[in-house]
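Welcome, and thank you for taking a look at this one with me. Please open the structure and keep it beside you as you read.

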Amino acid sequence: MRKTTLITGGAGYLGSHTALQLIEAGHSVLILDNLCNSSREAVARLELLSHSHVDFIEGDIRDAALLDEIFSTYAIDAVLHFAGLKAVAQSVRRPMDYYANNVFGTLNLCQAMARAHVFNLVFSSSATVYGEPARMPIVEEHGTGKPANPYGRSKLMIEELLSDLALADSRWNIAVLRYFNPIGAHQSGLIGEAPSGRPNNLLPCLTEVASGQRAALTVYGNDYPTVDGTCIRDYIHVLDLAEGHLKALQVLQGDEHGLHVWNLGSGTGYSVLQIISAFEDVTGLRIPYRFAARRAGDVAECRADASKAGRELGWRAQRELTQMLIDSWRWQTSNPWGYRPQPAPLLAVGS
Ligand code: NAD
Ligand code: UD1
């Protein structure tokens, strides 16, 4: 039977781009996703782009019986684990959902992997585990901090759980990838970020303003100790991020044991105002914005030192900000309703 990579959350934003790259590199993949923040249409688009059938199971990582069935049916040799809830504000309102889904879901997945003797795991972590960073750029060895919300704490708890697991059982090969700020989309405009609810992240909010779905962009805080008072982030193209997963998988499937942590960022920081201005240059549009109070939990600057991934994975982010913005905008204009079909126009009374 052909070796297969299981991609949990593979219908989502980052998982779908990574799935496509894996398929293009000749891997066999199986996507497991409960579609709580994605759509079957994403899988259909993957089939269109890859000119191949994509194995997909609609199901939940918390379902142990389903996981056992999957591991006994497919010859899975590695798992890329993207599945999780990621909306920070929602995590403050519904912390138990985040711990149940993210932490318990990962625990359940690891237990099913162990039962099936599958020990290669790549986990989607976040720069949020650094909390308020003491030094910039952030090096993995600086250690984690205190994440500001239940979402961030769920990621840190998972990292600790995985670290204990790797210490206790040397068969595990685990890559913890700490993402900085992924943006952009596949150059076809066919797959991209399509959150089910109202977005909170900068790029989806910005493209909603640009396309007229939102009147103005709210810029949270203009009194940070940065070049123009707005927060600085390290934006990374989703395709660069996907390539990082392929490299990590290659290293794990070599002779690498234990748990390894790698930052995936570009190393370059941009302020919110710099992003707005670059987006205006790329699109020729004007983005109305207004300043508001700081958003709880935001740090002034968050930027990666990604040299460890450079040395150990042979990976570095290649794509520039302009490319990220062009690709985000192409995705938004080609799919104003995400993967949903265009809503039917309301019929006038009497027509
Ligand atoms: P996403 O919401 O687009 O994708 C996550 C996918 O997981 C969705 O398709 C969702 O339906 C699925 N899912 C959620 N819970 C599930 C469950 N219990 N069982 C099965 N499927 C489930 O999010 P994304 O942006 O692609 O993020 C992927 C991962 O990367 C997440 O774990 C997220 O926390 C992490 N991450 C994302 C970012 C970012 O900026 N996008 C940054 C840092 C870390
Ligand atoms: C956020 C989360 C982080 C999570 C990541 C991916 C917080 C505090 N952090 O990162 O835990 O891993 O998303 O889901 O929520 N901004 C505006 N106006 C907007 C939206 C954002 O000014 O409408 C600003 C923010 O204040 C921030 C920057 O843009 O300074 C980037 O924000 P965002 O895209 O939400 O990413 P992070 O906050 O870095």
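The points below go through the surroundings of the two ligands, one after the other.

1. Before anything else, please keep in mind that this is a predicted model. The distances and areas below are therefore computed from a prediction.

2. Let's start with ligand 1. It is surrounded by 27 residues. If you would like somewhere to begin looking, try Leu14, Asp33, Asn37, Ser38 and Lys86, which are the closest of them.

3. Which atoms of ligand 1 pair with cysteine 36, aspartate 60 and asparagine 101? For cysteine 36, a backbone N or O atom sits 3.1 Å from an oxygen atom of the ligand. The other two involve nitrogen atoms of ligand 1: one is 3.0 Å from an N or O atom in the aspartate 60 side chain, and one is 2.8 Å from a polar side-chain atom of asparagine 101. On its own, ligand 1 exposes 820 Å², and the protein buries 95% of that.

4. Now for the elements that build this shell. At least two residues each come from α1 (13-24), β5 (120-126) and α6 (150-168). The largest share is that of β5, with 3 residues. Sorted by class, the shell around ligand 1 holds 11 nonpolar, 11 polar and 5 charged residues.

5. Next, please turn to ligand 2. Here there are 21 residues around the ligand, and those that come nearest are Leu202, Thr218, Arg233, Arg295 and Asp298.

6. Three of these names return when we look at polar atoms. Threonine 218 uses its backbone: a polar atom there is 2.6 Å from a nitrogen atom of ligand 2. Arginine 295 uses its side chain, with a polar atom 2.7 Å from an oxygen atom of the ligand. Aspartate 298 also offers a polar side-chain atom, 2.6 Å from an oxygen atom of ligand 2. Of the 740 Å² of accessible area that ligand 2 has on its own, the protein covers 89%.

7. Which element gives the most to the shell around ligand 2? That is β8, with 4 residues. Both α7 (202-210) and β8 (217-220) supply at least two residues. By class, the count around ligand 2 is 10 nonpolar, 7 polar and 4 charged residues.

8. One last thing to look for is how the domains take part. At least three residues of the shell around ligand 2 come from domain 1 (4-183 + 235-264), and at least three come from domain 2 (202-232 + 267-334).

How values were computed. Residues numbered from 1 in each chain as written. Chains lettered and ligands numbered in written order. Predicted model: local features only at pLDDT ≥ 70, side-chain atom pairs only at ≥ 80, totals over all residues. Heavy atoms only, no water. Near = heavy atom within 4 Å. Polar contact = N/O pair within 3.5 Å; in protein donor to acceptor, adjacent residues only side chain to side chain. Areas by Shrake-Rupley, 256 points an atom, 1.4 Å probe, with all protein chains shown as cover. Nonpolar A, V, L, I, M, F, W, Y, C, P; charged D, E, K, R; others polar. Domains from an automatic or database assignment.
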